[in-house]
Amino acid sequence: MADRKLRPLYEAIDEGHSKEALQLANKILKKTPDFVLVKALKALALVRSGKEDEASDLCAQVKAAQPIDEPTLQAATMAYKEIGQHDQIVHLYEAAAKLQPNNEEFANHWFMAMVRGKDLKGQQQAALKLHKSFKNNKYLFWAIMSLALQGEAAKGTTPNLSYTLAERMMSKALEEGKVKQTEEIRLYLLILIGQGKRKEALVLLDSDIGQKCLLDPEVRQIYVELMTETNEWTRAFEVSRKVLSEQNSDDWISWKTYFDALFKQIAEDPESEQRKLEEAKALIESTKKSALEASIMKRGPFMAELELDLRLKQDSKIDGATMLEHIKAYFDRFGTKPCCFEDLQPYVNAVLDDTEEISSFINDIRSLVHLETEDTGVKIRNIQKDINVYKLEHYLNTSGSETEQDAVKKVTELWAAYNNALPLGKTLEKTERQYGDDYVVLASHILLKVYRETKDMAFILHALVLLEGALAKSVYNFQFKMLLIRLYLIIGSFDQAHRIFSTMDVKHIQFDTLTHYLTDGSMSLGQFDLLAETLSVACSIYKANEIETPEMIVKAYQYTTFSKIQEFIEFRSRLDQSIQHTLFNIDLARVEALQTSFAAKYGVQFFAELDPSVYPYDDDKLSKLSDNRDYGVMTDCTPKEVTSIEELSRPSKRTNPNWIKIQSLILRTMHNVCDSKCEGLEIASELKAAVTNEAVIKDVTEQDVFLGRFVADVVDGINYLKNAEASQQQKGIELLNSCNLSAFISSQKAMTDSTISWNYFHQTLAEVECVVYGSILSEVIKRTLSLGKKKKSDPAETTDAVSIGNEARAAKISV
Amino acid sequence: MSQLRRFKATDLFSFNNVNLDVLTETYNISFYLQYLARWPDLFSVQTTAQGNVMGYVMGKAEGTGKNWHGHVTAITVGPEYRRLGLADGMMDLLEEVSEKTYDAWFVDLYVRVSNAVAIGMYRKFGYSVYRRVKNYYAGTIDEDGYDMRKPLKRDKKRETIRENGENVLVNPEDLDSWR
């Protein structure tokens, strides 16, 4: 009976017709008001219609009924999950498991609910109970894993009882023959390594069962790492030598281990030096020889030669000339590969220091490039080689002595080289890049640098023209796109930047790591609707993390993949604590504040209703934010000690914890002063302290500081006005009169072709925000004064700032 | 020359140099984490000496009986790191694990019939076409896919592959019955 009646309800929920589902549920509940399953389904429909509070009440009713049927439990679990009340699912299943102690599934759900809710102790107890009742070893390992996680969380405290207990249980399980799978050994390893017991971990892998795990490539890597960490250099040397000579000479991990072990052995026995080095050179030669015979030539042995040189060079045991010869030989062999530049970076730095050496090196490798050839294939490869020469030249030329003219000449040269390469790419697929694209990237970098030195916007426009032209030929080249986005932001054009960004198909996890390229500081460019839409869409990743990642942690337990659990937890928490999420929240609030404040009373209402909890400002919270933004995507040929292209190309300072601090405090101060239930004092003085603290304001612009000061001062004045004593009120009036925007606003020059830039718009936005916040605060002043009935002063007298603001606003609108 | 290791969940924060390429799809969190939770040893990443992500391979083990096999779900290499033989090393590892850890009969993968470069590369790695799947790649323009296979040691008689698989046309909905 129930099935037939419920089917339409289930279908409505599945198909996302929440309204219809609600109607259906209400109809059934009218006849059978105690139908718990229907209540749970109704709760689900309620969450999905955005009525979380009602849903939460209904879920509580379901929970109180202590359901033990699967459909009800499932529906209630889903509803709780979507409200975000994971802890309630624990109670739901805990009750069910108690009522039916022999139901293994309920007990499993109980455990999983605690995993989702990050209750480590609770999950340990549930796992132990599961193990006791159902005798499956899997549950024993769940309990041990739960203990290991508690041990990790308590790292640094001694004694660490959780780790001790976990280790004891594990060693007992091993004795009893319960440990069979590689992942169970991994669990044992993470307990030992977590306590720093590397010798014991090595002994475990040396045992019979440990040796069986060596089938797994990652366990082999851990094995070698343990050898080096416990100074078992002879063993590490042998293992890595064997991998390199017999299996894979392209494995950099093994080469690094090999050299580490080699030099440790030499240090221990200096007399063996000659022999050992000969041996290493012989290994390099023999692996080089087989690499030369293979169909695809691997770089491993050739780069190993450079690595050995580098290590010898650090002890002055090799002359620069020999090493330089090896570098040139490497370039000649692999210069046709785009990664050659990255490969050579650490090595050229070690041998070249003065400008003469550098220019003769560049000349030498340039002579290895042969562009005058009729053979298309050879020519294409030489174009890449030529690009690598330019990149190395750019990388090594750190003197900065280049004049503007030199730079422009270089750009012309690169653009010509790019155009010469174009005809060769006629038959390339649309998805591929033209062979000479990196010439244009490099030319843009040079123009960007000159712009930073001269502040002449013409250089940015020049770069934009080159990049747009080249993008038309390589429509998917994201290197062009990243630069274009940044350059458009510098000239203040958010919609052009947005146009490019929207072709990059940024989604899911990339919302957290890449959106900043477009949105950082873009609030100043005024395209509020477009910006807010971008931010709101990007925020979906955090909801996804809340819903999806806990399920995946649960899956890792179910598949007993113990080696991944800590990693998933770290992943979850990095997204949970993402700095980008806070940045999104702040900009969304700022946009909404401006958009709702067309009349001051709505602004007051907006700030009164603002939830301040998502705007952290105290140093402890700020230091816990995780910066997952990916800054490493742009090609960059500048050396590490010089300002990176990512930095050069950003319109302003990177948003950072101190920026968050000021913005959060502004929003919170506004909230406190607008919400009659709050006292504004403490937060306002925090704001004042922040905007006068040198260590804080060095990380933000002067406009950010001005807005913060302005808000803090006005709120300060308001607080004096609220005082019962006349002298205090007088002081408040004086304070408010001193909050003057006119100087700030008149500092702005008129907009012309040469001043138009992000900086100009940033100043403008700061003025607009001052005016809007000022008018909201003046509304608060009015209300404060009318509350005090017989105040002597007229509100208009006290709000100079605001009237000035309004004039300015009229002026801005005409702009 | 590179470092080949297991893919970590936190690599998702820094794989953009590969994933911004137009031919590499970015999926939701569950997609990657599900593979990591279930087949952690079939999901590997290759990085440069300096730690930049060059490419990665993700795979799974599935099927029953003689159809128990390793499957390459995705293999991708960033634009700067192509033509270095990286795919070769990643496929080797996936095949090794499929053979030794999972005791699979073969490894298979799907490729667009138009992608001659990739097909040629897989042939060089020892794969041959087993069948052609009609409209396997659905999209604005539908395209057939080749199911390519390489037998592993367990398949001594090479029963899991066949000649002229290019001519064996199946519909996507029939794939499971063939497994």
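**A chat about chains A and B**

Reader: Which backbone nitrogen lies 3.0 Å from a polar atom of the side chain of N103(A)?

Author: In this predicted model, that nitrogen belongs to E105(A).

Reader: And where is N103(A) found in chain A?

Author: N103(A) sits in the loop that links α6 (86-99) to α7 (104-116) of chain A. In space, its C-alpha is 9.7 Å from that of S133(A), although 30 residues separate the two in sequence.

Reader: Turning to the interface, how many residues of each chain are in contact?

Author: On chain B there are 50, and they meet 62 residues of chain A. The two chains bury about 4900 Å² between them, with 59% of that area on carbon and sulfur atoms.

Reader: How many salt bridges are there between chain B and chain A?

Author: The count is five. One of them pairs R6(B) with D216(A), whose closest N and O atoms are 2.8 Å apart.

Reader: What is the count of residue pairs in polar contact between the chains?

Author: There are 22 such pairs, counting those with both residues at pLDDT 80 or more.

Reader: Which elements of chain B each supply at least two residues of the side that touches chain A?

Author: They are β1 (3-6), α1 (16-19), α2 (29-38) and α3 (86-100). The largest share comes from α2(B), with seven residues.

Reader: How do the residues on that side of chain B divide into nonpolar, polar and charged?

Author: The side of chain B that touches chain A has 23 nonpolar, 15 polar and 12 charged residues.

Reader: What does UniProt place at residues 2-153 of chain B?

Author: The UniProt record, an unreviewed entry, gives the feature "domain: N-acetyltransferase" there. In the model, this span is 25% helix and 36% strand, and its end C-alpha atoms lie 27 Å apart.

Reader: Back to chain A: what does its domain assignment give?

Author: It gives domain 1 (2-197) and domain 2 (586-629 + 655-814). The centres of these two domains of chain A, taken over C-alpha atoms, are separated by 46 Å.

Reader: Is the peptide bond from T158(A) to P159(A) cis or trans?

Author: That bond is cis, with omega near -5°. P159(A) lies in the loop between α9 (137-153) and α10 (161-175) of chain A.

Reader: And is phi of D505(A) positive or negative?

Author: Phi of D505(A) is positive, near 55°. This residue is in the loop between α27 (494-501) and α28 (509-514) of chain A.

Reader: Why ask about phi and peptide bonds?

Author: Because most residues other than glycine have a negative phi, and most peptide bonds are trans.

Notes. Residues numbered from 1 in each chain as written. Chains lettered and ligands numbered in written order. Predicted model: local features only at pLDDT ≥ 70, side-chain atom pairs only at ≥ 80, totals over all residues. Heavy atoms only, no water. Contact = heavy atoms within 4.5 Å. Buried area = accessible area lost by both parts, 1.4 Å probe. Salt bridge = Lys/Arg side-chain N within 4 Å of Asp/Glu carboxyl O. Polar contact = N/O pair within 3.5 Å; in protein donor to acceptor, adjacent residues only side chain to side chain. Helix = DSSP H or I, 4+ residues; strand = E, 2+ residues; numbered from the N terminus. Nonpolar A, V, L, I, M, F, W, Y, C, P; charged D, E, K, R; others polar. Domains from an automatic or database assignment. UniProt positions renumbered as here; feature names shortened; annotations may be inferred.
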